[in-house]
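Q: I've got this one open on my screen. Can you walk me through what matters around the ligand and beyond?

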Amino acid sequence: MKTYKVGYLIGSIAKESINRKLANALFKLAPPQLQFEEISFRDLPIYSYDHDADYPEAGRKFKQAIESSDAILIVTPEYNRSVPGGLKNAIDWASRPWGTNSFDKIPSAVIGTSPGAIGTAVGQQHMRSILGFLNSPQMNSPEAYIQFKDGMINDAGEIADPSTAEFLGKYLKAFHEHIAHVLSKPADS
Ligand code: FNR
């Protein structure tokens, strides 16, 4: 069985993050070929190009974690109709110094949840735009804008509603297929 290491970023660093809860519930529904490892960005300072000449260890480790992943999953809330600043800061670190963009050619997918009916749709669209610029081949479809409701995740950390669980299972199956498709296409030599 060919397995893929999927680095995942939780857009929120809140202790009770509903996006972290969603991520943990997702992993229980994922195909066994996908192995998930968190890539944390909470220790990164705010990026500026003043760091480029001597990248700090936190920045180097973060870039290395992205580059050593077969694929990246971003599970993010929407803050003020975009992605949280901490997540954007982390992505800026990974994209630099110029010419060393860590997301280049790494397949990705975006998902998120919010209590509002919009289910992070606008924030995810911003995230997709950023990944496009960074040349990460992202899964375009299916999209997953999840409205978080009380009881959506049960005490065992599982998606309680069978139809939501089925939808998310299909989302993850499609992500597995997307990763396999992207990584099976080497350039002609
Ligand atoms: C929010 N929230 C929010 N929700 C949304 O659907 N659209 C939005 O634009 C915003 N904007 C926003 C800005 C800021 C600064 C905060 C703190 C919150 C609400 C948000 O969806 C809610 O707090 C979720 O619980 C965030 O997800 P995590 O952090 O729990 O994973």
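Q: How do the residues of the shell around the ligand divide into nonpolar, polar and charged?
A: This is a predicted model. In it, the ligand's shell has 5 nonpolar, 5 polar and 2 charged residues.

Q: Which residues surround the ligand?
A: Ser12, Ser17, Ile18 and Asn19 are among them. So are Pro77, Glu78, Tyr79, Asn80 and Arg81. Ser114, Pro115 and Ile118 also belong to the group.

Q: Which side chain has an N or O atom 2.8 Å from a nitrogen atom of the ligand?
A: That is Glu78. Asn80 also places an N or O atom 2.8 Å from a ligand nitrogen, but that atom is in the backbone. On the oxygen side, an N or O atom of the Ser114 side chain is 3.3 Å from a ligand oxygen.

Q: And how much of the ligand's accessible area does the protein cover?
A: The protein covers 67% of it. On its own, the ligand has 620 Å² of accessible area.

Q: Back to Ser12. Where is it found?
A: Ser12 sits in the loop between S1 and H1.

Q: Is Ser12 buried or exposed?
A: Ser12 has a relative accessible area of 5%, and the cut-off for buried is under 20%, so it counts as buried.

Q: What does Ser12 touch?
A: Beyond four places in sequence, Ser12 touches Ser17, Pro77 and Tyr79. Closer along the chain, a polar atom of the Ser12 side chain is 3.1 Å from the backbone nitrogen of Ala14.

Q: On to H1. What happens at the start of H1?
A: A side-chain oxygen of Ser17 comes within 3.1 Å of the backbone nitrogen of Asn19 there.

Q: Which residues of H1 are buried?
A: H1 covers residues 18-27. Its buried residues are Ile18, Asn19, Leu22, Ala23, Ala25 and Leu26.

Q: Why do they line one face of the helix?
A: Looking down the axis of H1, the buried residues fall within an arc of 165°, so they line one face. An α-helix has 3.6 residues a turn, so residues three or four places apart point the same way.

Q: What do the buried residues of H1 pack against?
A: Four strands and a helix. The strands are S1 (4-10), S3 (71-75), S4 (108-114) and S5 (145-147). The helix is H5 (162-183).

Q: Asn19 keeps coming up. Is Asn19 buried or exposed?
A: Buried, at 2% relative accessibility. Asn19 lies in H1.

Q: Which backbone nitrogen lies 2.9 Å from a polar atom of the Asn19 side chain?
A: That of Thr113. Apart from neighbours within four places in sequence, Asn19 is in contact with Ile10, Val75, Thr76, Pro77, Gly112 and Thr113.

Q: How far apart are Asn19 and Val75, in sequence and in space?
A: They are 56 residues apart in sequence. Their C-alpha atoms are 6.1 Å apart.

Q: Now Thr76. Where is its place?
A: Thr76 is in the loop between S3 and H3 (85-95). Thr76 is buried, at 0% relative accessibility.

Q: What is Thr76 in contact with, leaving aside neighbours within four places in sequence?
A: Asn19 is one of its contacts. Others include Gly11, Pro84, Leu87, Val110 and Thr120.

Q: Last one, H3. Which residues are buried there?
A: Leu87, Asn89, Ala90, Ile91, Trp93, Ala94 and Ser95. Their cover includes S1, H2 (57-67), S3 and H4 (121-133).

Technical notes: Residues numbered from 1 in each chain as written. Predicted model: local features only at pLDDT ≥ 70, side-chain atom pairs only at ≥ 80, totals over all residues. Heavy atoms only, no water. Near = heavy atom within 4 Å. Polar contact = N/O pair within 3.5 Å; in protein donor to acceptor, adjacent residues only side chain to side chain. Areas by Shrake-Rupley, 256 points an atom, 1.4 Å probe, with all protein chains shown as cover. Nonpolar A, V, L, I, M, F, W, Y, C, P; charged D, E, K, R; others polar. Buried < 20%, exposed > 50% of the residue type's maximum accessible area, 1.4 Å probe, protein only. Helix = DSSP H or I, 4+ residues; strand = E, 2+ residues; numbered from the N terminus. Arc of directions from axis to C-beta. Contact = heavy atoms within 4.5 Å.
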